[in-house]
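I'm opening a fresh page for this one. I'll jot down what I look up, in the order I get curious about it.

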Amino acid sequence: QVQLVESGGGFVQAGGSLRLSCAASGRTFPGYAMGWFRQAPGKEREFVAAITWSGISTFYADSVKGRFTISRDNAKNTMNLQMNTLKPEDTAVYYCAAGAGVSDFLPRYWGQGTQVTVSS
């Protein structure tokens, strides 16, 4: 069992940056791949990025590639998403997840989400 808590969301102007964090609890955290998803109002939840348990391999949605960076620190049971050059279309609730896979990431556990709002 893994419990996930996101933080770091907020309000930012277009072109700005935010850093999201996901704190995990549970003895098996290092064994899971981790990922970020987001859900905008009226839209389905979509994949953003994923990282292997080792942190060596990452995978990004085309919409965020080159702007977002996913990372993790297994010693601290944390995962981060550095978001740069934010656009209004990045506005959404962002969820962290623990699961399996990278390019085909399959979530098993979810956090409660954190709101990111980007103004134009």
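How many aromatic pairs does the structure hold? I count six in this model, which is a predicted one.

**Entry 1: the rings**

I started with phenylalanine 37 and phenylalanine 47. Their ring centres are 5.7 Å apart and the planes stand at 80°, so I log the pair as edge-to-face. Phenylalanine 37 belongs to strand S4 (residues 33-39) and phenylalanine 47 to strand S5 (residues 46-51), so this pair ties together parts that are ten residues apart in sequence.

Is phenylalanine 37 buried or exposed? It is buried, at a relative accessible area of 9%. Phenylalanine 47 comes out at 21% relative accessibility. The cut-off for buried is under 20%, so phenylalanine 47 goes down as partly exposed.

Next I followed phenylalanine 47 to phenylalanine 59. Here the ring centres are 6.0 Å apart with the planes at 35°, so this pair is tilted. It links distant parts of the chain, since phenylalanine 47 is in strand S5 and phenylalanine 59 is in strand S6 (residues 58-60), twelve residues apart. I have phenylalanine 59 as partly exposed, with a relative accessible area of 33%.

Which residues form the aromatic cluster? My list reads Phe37, Phe47, Phe59, Tyr95, Phe105 and Trp110, and they form one cluster.

I also checked for charges over these rings. The charged end of arginine 45 sits over the ring of tyrosine 95, 3.7 Å from its centre. The charged end of arginine 45 sits over the ring of tryptophan 110 as well, 4.5 Å from that centre.

**Entry 2: tyrosine 95 and its strand**

Tyrosine 95 kept turning up, so I looked up where it lies: strand S9 (residues 92-100). At 13% relative accessibility, tyrosine 95 counts as buried. Leaving out residues up to four places away in sequence, I find that tyrosine 95 touches ten listed neighbours, among them Glu6, Trp36, Phe37, Arg45 and Trp110.I then measured nothing by hand and took the computed spacing: tyrosine 95 and tyrosine 109 are 14 residues apart in sequence and 10 Å apart in space, C-alpha to C-alpha.

How much of S9 is covered? Mostly: seven of its nine residues are buried.

I went through the partners of S9 in turn.

- S4 and S9 run antiparallel and are joined by seven bridges. Glutamine 39 has valine 93 in S9 as its bridge partner.
- S9 and strand S11 (114-119) also run antiparallel, with three bridges between them. Valine 93 stands opposite glutamine 115 in S11.
- S9 and strand S10 (residues 106-110) pair in the antiparallel sense over four bridges. Alanine 98 has tyrosine 109 in S10 as its bridge partner.

S9 and S10 form a hairpin with five residues between them, and glycine 101 in the turn has a positive phi of about 85°.

**Entry 3: the open sheet**

In what order do the strands of the open sheet run? I wrote down S1-S3-S8-S7, four strands with antiparallel pairing. The edges are strand S1 (3-7) and strand S7 (68-73), each of which pairs on one side only. Neighbouring strands of this sheet are turned by 15° against each other on average, direction ignored.

At the S7 edge, S7 and strand S8 (residues 78-83) pair in the antiparallel sense over six bridges. I noted two of the partnerships. Serine 71 is matched with asparagine 80 in S8, and isoleucine 70 with leucine 81 in S8. The hairpin of S7 and S8 has four residues between the strands, and asparagine 77 takes a positive phi near 55° there.

Which side chains of S7 point to the buried face? Phe68, Ile70 and Arg72 do, while Thr69, Ser71 and Asp73 point to the other face and are not buried. I added a reminder to myself: in a regular strand the side chains alternate between the two faces of the sheet.

**Entry 4: the cores**

Last, I looked up the nonpolar cores. The largest has 29 residues, and Leu4, Trp36, Leu81, Met83 and Tyr94 touch the most other members. Strands S3 (18-25), S4, S5, S7, S8, S9 and S11 each supply at least two residues of this core.

I picked leucine 4 for a closer look. Leaving aside neighbours within four places in sequence, leucine 4 is in contact with residues including Cys22, Met34, Cys96, Tyr109 and Trp110.

There is also a second, separate core of six residues, which includes Ala33, Phe37, Ala50 and Ala97.

Methods: Residues numbered from 1 in each chain as written. Predicted model: local features only at pLDDT ≥ 70, side-chain atom pairs only at ≥ 80, totals over all residues. Heavy atoms only, no water. Pairing = 2+ DSSP bridges. Axes fitted to C-alpha atoms, helices over the stretch in contact; angles between N-to-C directions. Phe/Tyr/Trp six-rings, centres within 6.5 Å; stacked < 30°, edge-to-face > 60°. Buried < 20%, exposed > 50% of the residue type's maximum accessible area, 1.4 Å probe, protein only. Lys NZ or Arg CZ within 6 Å of the ring centre and 35° of its normal. Contact = heavy atoms within 4.5 Å. Core = buried A, V, L, I, M, F, W, Y, C linked by side-chain atoms within 4.5 Å.
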